[in-house]
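User: Hello! I am new to this structure and would like to know how its labels are earned. Could you take me through the reasoning step by step?

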Amino acid sequence: MSIFRQCTLLILASLLPLTLFAGCSGEPRRADAPARAVPSPAPVDTASITFTVVDGPALVAAVHAGGAKVTLVNVWASWCQPCREEFPDLVRLDRELADQGFRVIFVSADFADDLPNAKSYLAEQGVGGPAYLKTGDDMQFIDTLDPSWSGALPGSFLYDGAGRRVRSWEGKASYDSLRARVLPVLASGN
């Protein structure tokens with residue numbers, strides 16, 4: 001490992017408590033763009049929501065094991081406002097494209113004391129299916145998903161049917177932007 005990479009990792013590691021998963025970024029909404037109402041899914045019972053704890057390699061294994069044509073991994077947190085703003089669009093896209101082989105894997109970056117908030121938010125959004133909770137070393141998790149990811153939330157990682165990451169981005173994306181990123185991968189049939 002080069003001295004530059006070592007120094008960069010040390011600097012990043014020292015900043016992690018301040019920046020990793022705390023720095024939410026997002027696409028700004030144009031002032032002239034109308035707010036779009038997203039239909040609310042039926043809430044689910046929080047008791048039905050359980051988290052599978054995953055580190056980076058376990059998450060990648062879950063992507064490979066899913067059998068979907070396209071998988072979007074979304075790393076979010078209940079306290080992250082851009083995550084909360086993007087979430088309904090992800091749920092909508094997941095429901096609209098599920099019959100075409102698309103799925104979203106939601107990975108919470110919440111800490112243990114925030115899990116009740118994460119469960120409540122998932123329940124409000126009607127997400128009762130598998131939910132994941134990030135654990136382990138932050139840098140290993142980041143490097144496993146995408147070494148160029150800064151760790152800002154939300155973080156999204158798009159995988160084809162073979163489990164290859166074909167695209168990633170950080171920050172909030174609009175429904176139209178999400179759809180435009182997913183559809184070509186679905187159409188490619190990989």
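User: Is D138 buried, partly exposed or exposed, and what makes it so?

Analyst: Happy to help, and please keep in mind that this is a predicted model. D138 has a relative accessible area of 21%. Buried means under 20% and exposed means over 50%, so D138 is called partly exposed.

User: What does the side chain of D138 meet, and why is that called a salt bridge?

Analyst: The side chain of D138 meets that of K134, at 2.6 Å from N to O. The cut-off for a salt bridge is 4 Å between a Lys or Arg nitrogen and an Asp or Glu carboxyl oxygen, so this pair qualifies. K134 itself has 12% relative accessibility, so this lysine counts as buried.

User: How many salt bridges are there in the structure?

Analyst: The structure holds 6 salt bridges. One of them joins K172 and E85, at 2.7 Å from N to O. This pair links distant parts of the chain: K172 is in the loop between β6 (165-170) and α6 (175-188), E85 is in helix α3 (residues 81-97), and they are 87 residues apart.

User: Which label does K172 get, buried or exposed, and how do you know?

Analyst: K172 has 19% relative accessibility, and the limit for buried is under 20%, so K172 counts as buried. Its partner E85 has a relative accessible area of 39%, which lies between the two limits, so E85 is partly exposed.

User: And what about D160 and R164?

Analyst: Their side chains meet in a salt bridge too, at 2.9 Å from N to O. D160 has a relative accessible area of 3%, so it is buried, whereas R164 is partly exposed at 47%. There is also a network, in which salt bridges with shared partners join R92, E96 and R179.

User: Let us turn to the rings. How many aromatic pairs are counted?

Analyst: The count comes to 6 aromatic pairs. Among them is F141 with W149, whose ring centres lie 6.4 Å apart with 55° between the planes.

User: Why is the pair of F141 and W149 called tilted?

Analyst: Centres must lie within 6.5 Å to pair, and 6.4 Å meets that. Stacked needs planes under 30 degrees apart and edge-to-face needs over 60, so an angle of 55° falls in the tilted class. Both rings belong to buried residues: F141 has 0% relative accessibility, and W149 has 5%.

User: What makes the pair of W149 and F157 edge-to-face?

Analyst: Here the planes are 70° apart and the centres 4.9 Å apart. As 70° is over 60, the pair is edge-to-face. W149 and F157 are both buried. Elsewhere, ring pairs link W76, F87, F106 and Y121 into a cluster.

User: How do you know that R181 and W169 go together?

Analyst: The charged end of R181 sits over the ring of W169, 4.4 Å from its centre, and the distance limit is 6 Å. R92 likewise lies over the face of Y175, at 3.7 Å from the ring centre.

User: Which residues make the contact between α3 and α6?

Analyst: The axes of these helices are 10 Å apart, and they pack at an angle of about 35° with a right-handed crossing. From α3 the contact uses E86, D89, L90, R92, L93, E96 and L97, and from α6 it uses Y175, L178, R179, V182, L183 and L186.

User: Where is V185, and why is it called buried?

Analyst: V185 is in helix α6. V185 has 13% relative accessibility, which is under 20%, so it counts as buried. Beyond its neighbours within four places in sequence, V185 is in contact with V70, L158, D160 and V166.

User: Which residues of α4 are buried, and what covers them?

Analyst: In α4 the buried residues are L115, A118, Y121, L122 and A123. Their cover includes β1 (51-54), β2 (70-76), α3, β3 (102-108) and β4 (131-134). The axes of α3 and α4 (residues 115-124) come within 11 Å and cross at roughly 35°. Just after α4, G126 takes a positive phi of about 80°.

Terms used:
Residues numbered from 1 in each chain as written. Heavy atoms only, no water. Buried < 20%, exposed > 50% of the residue type's maximum accessible area, 1.4 Å probe, protein only. Lys NZ or Arg CZ within 6 Å of the ring centre and 35° of its normal. Helix = DSSP H or I, 4+ residues; strand = E, 2+ residues; numbered from the N terminus. Axes fitted to C-alpha atoms, helices over the stretch in contact; angles between N-to-C directions. Contact = heavy atoms within 4.5 Å. Left-handed = near helix turned anticlockwise from the far one by under 90°.
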